[in-house]
Amino acid sequence: MKYWLMKSEPEAFGIDDLANRPDQTEPWDGVRNYQARNMLRDEMKVGDEVLFYHSNCKEPGVVGIARIVKAGYPDDTAFNPDSKYHDPKSTADRPIWYRVDVALVRKLKRTIGLSELKLYPELADLALVRKGNRLSVMPVGEAEYRFILELE
DNA sequence: GCCAACGTTGGC
DNA sequence: GCCAACGTTGGC
């Protein structure tokens with residue numbers, strides 16, 4: 001089993017939005033970055049656990065735990081001309097972009113803030129805390145994953 | 001709102 | 001293939 005961190009802007013789709021979805025499940029679509037795409041398509045497997053992270057907001061940080069419930073499959077928002085994620089280069093025959101489905105495991109009791117995550121040498125290798133990181137999906141080591149959750 | 005960091009685009 | 005210009009991300 002692997003561990004991941006996925007960013008979302010709470011104004012667009014936050015942990016409470018996930019909690020209110022049917023089956024508390026949501027297709028994670030709209031990712032338009034090749035590095036992230038490769039992880040969605042090739043590496044994320046059913047059962048993998050995900051730290052749900054709020055970005056670009058008042059208190060950026062980890063707010064919940066989710067689980068992959070469907071492994072990578074084509075992101076058909078790319079095929080839809082009306083979607084803001086439309087990409088004419090991606091077709092059903094040759095999809096470029098992929099998504100996974102994630103389900104809520106639970107919300108954390110508190111937000112584990114980015115500023116807090118930056119304090120610990122144990123987390124120094126975490127892509128999230130490294131300068132200039134812009135990936136919306138990133139791997140988290142098992143030890144780092146457990147360390148972060150113990151901060152709760 | 002500012003701006004640094006990064007990815008993508010397109011002219012050459 | 002280079003690289004300047006541009007757009008986006010996301011913390012602060």
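Visitor: How many bridges join strand 3 (residues 49–54) to strand 4 (residues 61–74)?
Guide: Strands here are DSSP runs of E, at least two residues long, numbered from the N terminus. Two strands pair if DSSP finds at least two bridges between them. Strand 3 and strand 4 run antiparallel, and the bridges that join them number 6.

Visitor: What pLDDT must side-chain atom pairs have to count?
Guide: Residues are numbered from 1 along each chain as its sequence is written, chains are lettered from A and ligands numbered from 1 in the order written, and side-chain values use heavy atoms, without hydrogens or water. This is a predicted model: totals for chains, interfaces and linings use all residues, local features need pLDDT of at least 70, and side-chain atom pairs count only at pLDDT 80 or more.

Visitor: Which residue takes a positive phi in the hairpin of strand 3 and strand 4?
Guide: Start in strand 3, where Phe 52 has Gly 64 of strand 4 as its bridge partner. The hairpin has 6 residues between the two strands. The positive phi, near 50°, belongs to Asn 56.

Visitor: Which residue of strand 5 stands opposite Ile 68?
Guide: Strand 4 also joins strand 5 (residues 98–113). These two run antiparallel, with 10 bridges. Opposite Ile 68 stands Val 102.

Visitor: What percentage of the atoms of DNA strand C within 4 Å of the protein comes from sugar and phosphate?
Guide: A residue is near a strand if one of its heavy atoms lies within 4 Å of it. Around DNA strand C are Lys 7, Tyr 53, Ser 55, Asn 56, Pro 60, Leu 114, Lys 118, Arg 134 and Leu 135. Of the DNA strand C atoms within 4 Å of the protein, sugar and phosphate make up 76%.

Visitor: How far is a polar side-chain atom of Lys 118 from a phosphate oxygen of DNA strand C?
Guide: An N or O atom in the side chain of Lys 7 is 2.8 Å from a phosphate oxygen of this strand. For Tyr 53, the side-chain distance to a phosphate oxygen is 2.8 Å too. For Lys 118, the distance is 2.7 Å.

Visitor: How many charged residues does the surface near DNA strand C have?
Guide: Asp, Glu, Lys and Arg count as charged; Ala, Val, Leu, Ile, Met, Phe, Trp, Tyr, Cys and Pro as nonpolar; the others, Gly among them, as polar. This surface has 4 nonpolar and 2 polar residues. Its charged residues number 3.

Visitor: Which residue has a polar side-chain atom 2.9 Å from a phosphate oxygen of DNA strand B?
Guide: Tyr 34, Lys 131, Gly 132 and Arg 134 surround DNA strand B. By class they give 1 nonpolar, 1 polar and 2 charged residues. Of the strand's atoms within 4 Å of the protein, 62% belong to sugar or phosphate and the rest to bases. The residue at 2.9 Å from a phosphate oxygen is Lys 131.

Visitor: How many residues apart in sequence are the parts that Tyr 34 and Trp 97 tie together?
Guide: Rings of Phe, Tyr and Trp (its six-membered ring) pair if their centres lie within 6.5 Å; planes under 30 degrees apart are stacked, over 60 edge-to-face, the rest tilted. That rule gives 4 aromatic pairs, including tilted Tyr 34 and Trp 97, at 4.7 Å centre to centre and 40° between planes. Tyr 34 lies in helix 3 (residues 34–43) and Trp 97 in the loop between strand 4 and strand 5, so the parts tied together are apart in sequence by 63 residues.

Notes: A polar contact is a pair of N or O atoms within 3.5 Å; within protein, one must be able to donate a hydrogen and the other to accept it, and residues adjacent in sequence count only if both atoms are side-chain atoms. Helices (H or I, at least four residues) and strands (E, at least two) are DSSP runs, numbered from the N terminus.
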